[in-house]
Amino acid sequence: MLDHHTIEKYELGWLVVALVLIAMLFAGVLASMISETVPGFFGTKAQYIDPAKLSQTPFATPGLKTGPDGALDAYIVATAFQFQPNVLRVPAGRPVTLHMVSTDVIHGLLLGQGNVNVELIPGQVAVITKVFDHPGSYTSECNEYCGTGHQTMSFKLIVEAAK
């Protein structure tokens with residue numbers, strides 16, 4: 001007759017394996033929340049804007065801007081099958097901080113040169129600083145299916161030789 005008040009050694013082994021996996025899952029989720037992979041936890045530093053109030057932000061006039069200290073900031077808006085601006089000119093060899101946001105649905109932007117691949121979530125500002133070393137023209141399309149006009153959504157980065 002089976003004794004239901006004892007744990008067989010195989011049951012104990014599988015119980016330990018299950019508990020270790022649960023502990024690893026919990027640690028992974030906790031690490032993700034702390035490292036801001038999942039935004040919105042622990043006073044995240046991620047930037048958010050209300051897409052309805054875009055006119056009150058630097059995204060109101062998308063494009064490349066030079067700060068008083070000479071820093072280059074590019075503001076890019078992804079919305080309804082277009083990037084604004086759809087052509088961005090940046091100088092080669094200088095750091096450019098790309099500020100990108102989506103106003104409607106999830107879009108994606110992949111810039112072949114510079115190893116930039118960004119998922120643009122509505123209202124969440126994605127910020128990346130890159131130095132584009134080689135002059136040239138680089139075309140990219142939205143790489144997240146965003147609707148019936150998705151295939152027409154393109155972006156061109158023109159890296160100009162330093163003057």
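**A tour from the cysteines to the aromatic pairs**

Select Cys 146 to begin: with a relative accessibility of 12%, Cys 146 counts as buried, where buried means under 20% relative accessible area, exposed means over 50% and partly exposed lies in between, for a 1.4 Å probe and protein chains only. Before going on, note that this is a predicted model, in which local features need pLDDT of at least 70 and side-chain atom pairs count only at pLDDT 80 or more, while totals for chains, interfaces and linings use all residues. Residues are numbered from 1 along each chain as its sequence is written, and side-chain values use heavy atoms, with hydrogens and water left out.

Now add Cys 142 to the selection, which is also buried, at a relative accessible area of 5%. The structure holds zero disulfides, a disulfide being a pair of cysteine sulfur atoms within 2.5 Å. Cys 142 is accordingly in no disulfide, and its nearest cysteine sulfur, belonging to Cys 146, is 4.0 Å away.

Turn next to the aromatic rings, of which the structure holds two pairs; rings of Phe, Tyr and Trp (its six-membered ring) pair if their centres lie within 6.5 Å, and planes under 30 degrees apart count as stacked, over 60 as edge-to-face and the rest as tilted. Select Phe 59 and Tyr 75, an edge-to-face pair with 5.2 Å from centre to centre and 90 degrees between the planes. Phe 59 sits in the loop between strand S1 (47-48) and strand S2 (63-66), whereas Tyr 75 belongs to strand S3 (residues 72-79), so the pair ties together parts that are 16 residues apart in sequence. Helices (H or I, at least four residues) and strands (E, at least two) are DSSP runs, numbered from the N terminus. Phe 59 is buried at 5% relative accessibility, and Tyr 75 is buried at 13%.

For the other pair, select Phe 83 and Phe 155, whose ring centres are 5.7 Å apart and whose planes stand at 70 degrees, so this pair is edge-to-face. Because Phe 83 lies in strand S4 (residues 82-84) and Phe 155 in strand S11 (residues 154-160), the pair ties together parts that are 72 residues apart in sequence. Both of these phenylalanines, Phe 83 and Phe 155, are buried.

Finish at His 99, in strand S6 (residues 95-102), which is buried with a relative accessible area of 10%. Leaving aside neighbours within four places in sequence, His 99 is in contact (heavy atoms within 4.5 Å) with Phe 59, Asp 73, Ala 74, Tyr 75, Ile 76, Val 125, Ala 126 and Val 127.
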